[in-house]
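Thank you for making time for this one. Please take a moment with the sequence and the structure on the screen, and then I will walk through a few places in it.

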Amino acid sequence: MQAKKRYLLVSVGAGLVFLVYLWGLHIGEFQQQPYQYHQQEYQYYHHSQDLYQPRPQLHPRLHHQHTSPRERRAICDNIYKNRRCRMETCFDFSRCQSGFRVYIYPPQRGDEISESYQKILSVIEESRFHTTDPSRACLFVLAVDTLDRDQLSAQYIQNVRSRIQNLPTWNDGRNHLIFNLYSGTWPDYTEDLGFEVGQAMLAKASVDVVNFRPNFDISIPLFSKDHPLKGGGKGYLTLNDVPPSRKYLLVFKGKRYLTGIGSETRNALYHIHNGEDIILLTTCKHGKDWEKHKDSRCDRDNEEYAKYDYQELLHNSTFCLVPRGRRLGSFRFLEALQAACIPVLLSNGWELPFSEVIDWRKAAIIGDERLLLQVPSITRSVDRGRILALRQQTQFLWDAYFSSVAKIVLTTLEIIQDRVHSHVSRNQLMWNSLPGGLYVLPEFSTDPAVFPFYYAALGKLPSQQFTAVIHMVTPLQSQVCPVVKLIIAVARSKFCAQIVVLWNCDKPLPPRNKWPSTSVPLTVIEGQTKTMSSRFFPHDVILTDAILSLDEDSVLSTNEVDFAFIVWQSFPERIVGYPARSHYWDSSRSRWAYTSKWTNDYSMVLTGAAFYHRYYHYLYTYYVPASLLTMVDRMANCEDILMNFLVSAVTKQPPIKVTQKKQYKETMMTQGSKASRWADPDHFAQRQTCMNAFSHWLGFMPLVHSQMRLDPVLFRDQVSILRKKYRDIERL
């Protein structure tokens with residue numbers, strides 16, 4: 001009897017010990033999870049008031065179903081020994097006191113760099129953040145190609161661990177940024193990179209929320225090796241797409257995995273495919289051994305798959321299904337964005353690209369893999385107004401952040417810079433509305449109301465006064481010279497707050513009594529560098545939002561100035577002015593060309609007589625690469641063209657031309673010993689060169705043609721001159 005009791009007690013004790021052991025394993029695995037899930041995953045359901053309501057999912061889903069908990073912990077330990085890293089704990093802000101500069105390690109002999117990684121490095125080297133001095137660097141980028149960490153890939157780089165450990169400033173990865181597109185390998189495609197990232201930040205595609213370190217790592221999109229370096233293709237949403245209905249409601253065409261991770265969702269798509277407005281096509285025909293694993297549906301699926309063209313489906317569907325593949329992200333995501341096909345995401349646990357700053361609820365439907373059968377009803381319940389808004393946002397996001405490798409990389413760097421300088425960072429409005437975060441420099445202001453792009457959204461009226469900025473390169477010889485007449489005419493405008501003269505002449509600055517007396521303050525600034533680009537420097541003395549930029553030989557009446565300013569108030573984000581020029585593609589020379597012919601078509605308004613917002617002075621000075629500014633200053637030419645390129649790139653719109661007298665021309669004036677730059681025979685040829693240099697910098701031609709000219713009411717009408725407000729314009 002005693003023996004039975006002892007046996008029973010021993011059995012119960014052993015069972016308790018085993019349960020404690022299992023409980024310990026569970027706690028250990030839980031502790032490997034982030035202590036906070038910063039991003040809620042959204043399940044969408046229909047509601048009478050709000051169509052899409054977020055429901056937080058409280059428990060993370062595990063995706064690596066073919067690995068044991070111990071193996072998953074080992075992988076996480078190997079990659080993320082510093083799982084709790086945040087900017088406050090794993091980043092040295094003292095290195096960034098002199099500014100946000102990025103240093104790229106020099107490549108070692110024999111380094112093999114993929115085409116995609118070479119694009120990333122070239123973007124950084126050409127950016128305004130790049131430095132060749134490691135002592136000035138805030139952030140370090142590896143020369144070792146870490147994009148593809150699939151051990152079965154031909155582009156897998158060996159010995160990465162030892163190579164980065166030997167870097168002189170590695171310091172366990174602190175202040176380093178590592179780019180990665182592919183991690184892990186068959187069969188589980190875990191996030192194993194094959195080396196320890198330490199305290200380095202990861203800019204990674206297909207990242208899992210479980211392993212993502214919020215406000216430290218950055219989720220980037222998966223892009224192909226053919227993704228363009230600059231510019232990129234335009235989105236496919238046109239003005240003719242209203243109403244927004246298309247031939248198909250929901251489409252997908254891609255691989256179906258018969259075994260392994262990522263197979264569950266794609267294997268179930270046939271349940272909601274109806275062959276009419278929902279076209280979900282999969283094929284088993286991929287890989288070397290697909291016939292060994294094919295199931296009863298493969299032949300039928302392959303036959304149906306061949307009937308449809310992918311591009312035709314993509315461009316004629318309202319929604320595009322984006323299910324996970326072997327990894328969480330897929331190329332379908334960017335393809336859907338460009339095609340203005342609203343992405344329906346089925347990839348549980350995917351940290352969406354740039355989710356730190358982009359509100360994806362405005363551009364995508366974020367679904368749940370477990371609720372696949374609800375997708376048709378969800379998509380059908382979206383009203384047409386909402387569809388149009390979602391599609392418009394896909395086009396904005398594509399163009400602003402994803403259309404090229406340059407935009408993806410620069411967005412990554414700008415996000416990190418906002419973290420480093422958190423007191424001067426962009427807000428959600430700036431990131432999620434035109435023109436996008438890349439063109440809005442928070443160093444100018446963190447208040448959206450200061451920028452012309454947000455006036456309408458915030459209900460702000462444009463400036464009621466302007467500052468005239470006159471660029472002078474010739475001496476002031478008499479009280480009857482053109483610049484004196486110009487100052488007097490501008491000062492008479494009821495909207496003029498002040499006149500600023502930029503003295504870029506080699507002659508000494510004239511005394512104050514040589515300048516005309518005006519009813520508004522007249523300030524003369526002598527340029528220290530006396531370069532062409534200095535005319536667009538953001539001087540603190542300029543207090544108004546509106547700037548009237550003038551050449552010293554401009555001939556304008558007070559009426560012309562007043563009318564142009566009234567027009568600018570309706571278009572504060574554009575250039576509004578008088579002398580117009582155009583561009584065209586010279587097919588015989590395969591390059592862009594500049595023309596000054598007087599036609600009804602134009603794409604530029606020269607800054608010799610034009611209004612624009614003062615923010616463009618700041619953008620011109622601190623956004624344009626130093627190499628282009630140097631070229632402009634060396635030639636003493638093209639600064640007006642560069643400003644037009646910049647403004648059109650930001651707004652995606654043409655400038656505004658207003659009424660001008662037919663006699664306006666680039667005056668061939670000779671005062672003293674210095675001739676006007678317009679008299680230089682090389683002037684026109686230089687402007688042709690500038691057109692192509694500027695378009696190469698952007699990677700596309702931003703200038704937009706227009707035939708719109710705004711005239712005063714009753715302009716040239718056969719009515720009494722007394723009924724017209726701007727009478728002087730009529731007589732010119």
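**A walk through the model**

Let me start with a single residue, lysine 530, which is partly exposed because its relative accessible area is 28%. Lysine 530 sits in the loop between β15 (522-526) and β16, and its phi is near 55°, a positive value in a residue other than glycine. I should say at once that what you are looking at is a predicted model, so please hear each value as computed from that model.

Now for the whole chain. The chain has 22 helices and 25 strands, and buried residues make up 57% of its 732 residues. About 33,500 Å² of the chain is exposed, with carbon and sulfur atoms supplying 53% of that area. If we take the contacts with a separation of 6 or more, residues 24 or more positions apart account for 75% of them.

A second residue with a positive phi is serine 206, where the value is near 55° and the residue is again other than glycine. Serine 206 is found in the loop between β6 and β7, and with a relative accessible area of 7% it is buried. Which residue, 145 positions away in sequence, comes to 7.3 Å from serine 206, C-alpha to C-alpha? That is glutamate 351, which lies in the loop between β11 (342-346) and β12 (365-366) and, at 1% relative accessibility, counts as buried.

The loop between β6 (201-204) and β7 (218-219) also holds phenylalanine 216, which counts as buried at 0% relative accessibility. Leaving aside residues up to four places away in sequence, phenylalanine 216 touches Cys85, Arg86, Met87, Cys90, Gln199, Ala200, Met201 and Arg419. One of these contacts, glutamine 199, is 17 residues from phenylalanine 216 in sequence and 9.6 Å from it in space, C-alpha to C-alpha.

Let me turn to the helices. Helix α16, residues 482-491, is mostly covered, since 7 of its 10 residues are buried; these are Val483, Val484, Leu486, Ile487, Ala489, Val490 and Ala491. What do the buried residues of α16 pack against? They pack against the strands β13 (466-472), β14 (496-503) and β16 (546-551), and against α17 (558-570).

Further along, helix α18 (residues 615-622) packs with helix α20 (residues 639-651) at an angle of about 105°, their axes being 11 Å apart. Angles of 65 to 115 degrees count as roughly perpendicular, and α18 and α20 are therefore roughly perpendicular to each other. On the α18 side, Tyr616, His617, Leu619 and Tyr620 take part, and they meet Glu639, Leu642, Met643, Leu646, Val647, Val650 and Thr651 of α20.

For the surface, please look at helix α1 (residues 2-31), where leucine 8 has its place. At 54% relative accessibility leucine 8 counts as exposed, and together with Val12, Leu16 and Leu19 it makes a nonpolar surface patch of about 400 Å².

Next, the charged pairs. A search of the whole structure finds 28 salt bridges, and I will show three of them along with one network. Arginine 163 forms a salt bridge with aspartate 111, with the closest N and O atoms 2.3 Å apart. That pair links distant parts of the chain, 52 residues apart, with arginine 163 in helix α5 (residues 160-165) and aspartate 111 in the loop between β1 (102-104) and α4 (115-126). Aspartate 111 counts as partly exposed, at 24% relative accessibility.

In the second pair, the side chains of arginine 327 and aspartate 150 meet in a salt bridge at 3.5 Å, N to O, and the two residues are 177 residues apart. Are these partners buried or exposed? Arginine 327 counts as buried at 15% relative accessibility, and aspartate 150 counts as buried at 12%.

The third pair is arginine 380 with aspartate 277, whose closest N and O atoms are 2.7 Å apart. Here arginine 380 is partly exposed, with a relative accessible area of 47%, whereas aspartate 277 is buried, with 18%. Finally, salt bridges that share partners join Arg128, Glu414, Asp418 and Arg426 into one network.

I will close on a detail of the backbone: a cis peptide bond joins leucine 434 and proline 435, with omega about 0°, and proline 435 has its place in the loop between α14 (428-432) and α15 (455-458).

Technical notes. Residues numbered from 1 in each chain as written. Predicted model: local features only at pLDDT ≥ 70, side-chain atom pairs only at ≥ 80, totals over all residues. Heavy atoms only, no water. Patch = residues over 30% accessible without salt bridge, like charges linked within 9 Å, V, L, I, M, F, W, Y side chains within 5 Å. Areas by Shrake-Rupley, 256 points an atom, 1.4 Å probe, with all protein chains shown as cover. Salt bridge = Lys/Arg side-chain N within 4 Å of Asp/Glu carboxyl O. Helix = DSSP H or I, 4+ residues; strand = E, 2+ residues; numbered from the N terminus. Buried < 20%, exposed > 50% of the residue type's maximum accessible area, 1.4 Å probe, protein only. Axes fitted to C-alpha atoms, helices over the stretch in contact; angles between N-to-C directions. Parallel < 35°, antiparallel > 145°, perpendicular 65-115°, else oblique. Contact = heavy atoms within 4.5 Å.
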